[in-house]
Amino acid sequence: MKTSLPPLACTGARLRRLTRRVTVFYEQYLRSVGLRLTQYSLLAHLELEPQPLQVLAEKLEMDRTTLTRGIKPLVAAGWIVQTPGADARQRLLALSPEGVELRARAREVWARAQGELEAVMDRDFVAELNLNLDAALLRLKPALPEDN
């Protein structure tokens, strides 16, 4: 006879709290180059070679609307160049030379932040956490609607 177990504490709420703390941790470093963690992530996934907005959205697992909002200040600052694609609906994104320079400076700052995070949380713990997060991403993906 199988008994129904009560649900565990809310995983979503715990992950959101952890995400907020980790974001604050990284941003205390990234502030020195004028970036938020989400902005650094966008710059880190772009190259000089233009790529469609949709491709970047898929890499980051973000919807296009959220991505468009996120890139606006980076385009306005001149760090990302946006050009039309093959048809009027497609937009291509690439790093500007200034964006490449900022990303290089930000990558150094991020590396310091990552090292400090590993020191605070223990490097082996962070490595195991990353493995578990990757496994969770893989397990959850099939349970989501196709457009996610």
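In the predicted model, Gln39 counts as buried because its relative accessibility is 15%, below the 20% limit for that class. Gln39 belongs to helix α2, which spans residues 37-44. A polar contact is formed by the side chain of Gln39, which reaches the backbone nitrogen of Arg36 at 2.9 Å. With neighbours within four places in sequence left aside, Gln39 is in contact with Gly34, Pro73 and Leu74.

A second charged or polar position was examined in the same way. Glu118 is located in helix α5, the element that covers residues 97-121. The relative accessibility of Glu118 is 16%, and this residue is therefore also classed as buried, the limit again being 20%. Outside the four places on either side in sequence, the contacts of Glu118 are with Arg123 and Val126.

The largest nonpolar core of the model contains 24 residues, and within this core Leu35 and Leu67 touch the most other members. Two or more residues each are supplied to the core by α1 (11-30), α2 (37-44), α3 (53-60), α4 (64-76), β3 (91-95) and α5 (97-121). The greatest contribution comes from α5, with 5 residues. For Leu67, residues up to four places away in sequence being excluded, the contacts are with Leu42, Leu53, Leu56, Ala57, Leu60 and Met62.

At the level of the whole chain, 6 helices and 3 strands are assigned. Read from the N terminus, the order of these elements is α-α-β-α-α-β-β-α-α. The C-alpha atoms occupy a box of roughly 60 × 40 × 20 Å along the principal axes. Of contacts between residues at least 6 apart in sequence, 52% link residues at least 24 apart.

Surface and charge were also computed. The chain comprises 148 residues, and buried residues account for 24% of them. About 10900 Å² of the chain is exposed, of which 58% is supplied by carbon and sulfur atoms. Positive side chains number 21 and negative side chains 18, with the centres of the two sets 7 Å apart.

Technical notes
Residues numbered from 1 in each chain as written. Predicted model: local features only at pLDDT ≥ 70, side-chain atom pairs only at ≥ 80, totals over all residues. Heavy atoms only, no water. Core = buried A, V, L, I, M, F, W, Y, C linked by side-chain atoms within 4.5 Å. Buried < 20%, exposed > 50% of the residue type's maximum accessible area, 1.4 Å probe, protein only. Helix = DSSP H or I, 4+ residues; strand = E, 2+ residues; numbered from the N terminus. Contact = heavy atoms within 4.5 Å. Polar contact = N/O pair within 3.5 Å; in protein donor to acceptor, adjacent residues only side chain to side chain. Areas by Shrake-Rupley, 256 points an atom, 1.4 Å probe, with all protein chains shown as cover. Lys, Arg positive; Asp, Glu negative; His and termini not counted. Charge placed at Lys NZ, Arg CZ, Asp CG, Glu CD.
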